[in-house]
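Subject: Structure handover

Hello,

Here is the structure for your files. My notes on it follow below.

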Amino acid sequence: MSYLLLLSVFVIATCGLVYELVAGALASYLLGDSVTQFSTVIGAYLFSMGIGSFLSKYIKDNLIGTFIRIELLIGLIGGFSAAFLFLVFELVTAFRFLLYGQVALTGILVGLEIPLLMRILKDRFAFKDLVSNIFTFDYIGALLASVLFPVVLVPYLGLVRTSMLFGLFNIAVAIWAIYLFRDQIRGGFYTRTAAGICLAALLVGFVYAEQIVSFAETQSYPDKVIYAQSSPYQRIVLTRGADNFRLYLNGNLQFDARDEYRYHEGLVHPGLAAVPEAKRVLILGGGDGMALREVLRYPNVTHADLVDLDAKVTDLFRNRSDLAALNDSSLSSPRATVTNTDAFAWIREQASTYDFIAVDFPDPSNFSIGKLYSLRFYQELRRLLAPGGIIVVQSTSPYVAPRSFWCVERTLRAAGLQTVPYHIYVPSFGEWGFIMAMNRPWFPPKSYPPGLRYITPETAANLLHFPPDMIAAEGEVNRLNNQVLVQYFESEWSKYE
């Protein structure tokens, strides 16, 4: 029996770390800046565990009954944590207070577990063996959770089902303890009833997890949600209104089908049309295939590589007919090769050069994306740029975030490239900025492919002029070791939330 209780240490350690990871991932999905969210969530959680461990000394009797009740509470609170936070995100203004309140409560309860279990087992093991065994199982459980979470749990279950599954494990530990100590528990009938209710609630929640998430997402988006899926990297949501589609990644709008042509024509044509007879093109990001659609308008382009991290996005826009119609089935073109991998690692392994490179990453809202706007990254891009070639980088809004926009421009110049910044008005986003970078002067194209809806020689000329409210003072270059761009971006965009 004693060793079976030790095994429960492994289970509760795994559960405790999973709740911590769920809170960190959910905060990064909803609030952005994954480094800050994970850092603060982990810090608050560990501090709360310390409080729980301190408070455990005040529990003087009925240790087994108290341990079981704590397991039931952790199973309920931790199990429903992701569902609760998703549901309240759009309904309350004090979301961070609820987030950290739940993290603190879960941490305190988890902090009570191990000290109580050690006191329950103290007469069954020598002290040195007890401490060794407890912490061995604890650390093994933590390792298992940290490996399973990104590889299995989030991709296949999602955050809501993951938290509920591990809530069920906590309830299972409580039920097992009820069975083992059935002759020593006060109020056994009420304890068993409470355990049964908790078990039933979590089972129902696990079965209906997708409906819970769908309901929460209907509160977050103005149009009907027609697709929602979690990948290992982000939450993908597609909505449809009366005459449009919208794609959201981690709650951030990526395009509106009514005006995406302005953005994607602006990203591709001022640069690509200025490279006569361009044959090889590289697109980094752009998993929706819209930028690739614009590239394939050029018959002289014989090969285009598209590198996007998330296979779920590229598969969605390749295989769903209504979305493939938006990108003209570009992702299925024989002239295109789609690779799903980390762009930073991919470009470092390449030796071939490209006549045109379009960088269509999400905004630098966190450090994992900010590295893709760094000096080191742009130095690698310059290495892949063919003589006479051009790079174009989407560079956020020069009106909302001028320091961020000009930081990107400054970083490209620091990489040894000449730059031409420009901006376009996209109704869904407002003023949006791009920067061309090259090893030679840029000369405006005299013509563009037929069929464009926005870019012409006349409109392109107007894109180069910046009014005073889009000009920012000098700042730092975005380097891997400082990531100042992420700090600029967070500071500027937070004023518009």
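Aspartate 322 is a good place to start in this predicted model: with a relative accessibility of 22%, aspartate 322 counts as partly exposed. Its side chain forms a salt bridge with arginine 320 at 2.8 Å, N to O, and arginine 320 is partly exposed at 23%. The side chain of aspartate 322 also meets that of arginine 240 in a salt bridge, with an N to O distance of 3.7 Å. Arginine 240 belongs to strand 2 (residues 235-240) and aspartate 322 to helix 13 (residues 321-326), so this pair ties together parts that are 82 residues apart in sequence. Arginine 240 is partly exposed, its relative accessible area being 39%.

Arginine 246 and aspartate 256 form another salt bridge, with 2.7 Å between the closest N and O atoms. Arginine 246 is in strand 3 (residues 245-249) and aspartate 256 in strand 4 (residues 252-256), 10 residues apart. Both arginine 246 and aspartate 256 are buried.

A network of salt bridges links Glu260, Arg293, Glu294 and Arg297. The count of salt bridges comes to 12.

On helix packing: the axes of helix 5 (residues 95-121) and helix 6 (residues 127-156) come within 11 Å and cross at roughly 145 degrees. The crossing is right-handed. Helix 5 contributes Ile114, Met118 and Leu121 to the contact, and helix 6 contributes Leu130, Val131 and Ile134. These contact residues comprise 6 nonpolar, no polar and no charged.

Lastly, asparagine 481 sits in the loop between helix 18 (457-462) and helix 19 (484-493). Asparagine 481 is exposed because its relative accessible area is 69%, and the cut-off is over 50%.

Regards

Methods. Residues numbered from 1 in each chain as written. Predicted model: local features only at pLDDT ≥ 70, side-chain atom pairs only at ≥ 80, totals over all residues. Heavy atoms only, no water. Helix = DSSP H or I, 4+ residues; strand = E, 2+ residues; numbered from the N terminus. Buried < 20%, exposed > 50% of the residue type's maximum accessible area, 1.4 Å probe, protein only. Axes fitted to C-alpha atoms, helices over the stretch in contact; angles between N-to-C directions. Left-handed = near helix turned anticlockwise from the far one by under 90°. Contact = heavy atoms within 4.5 Å. Nonpolar A, V, L, I, M, F, W, Y, C, P; charged D, E, K, R; others polar. Salt bridge = Lys/Arg side-chain N within 4 Å of Asp/Glu carboxyl O.
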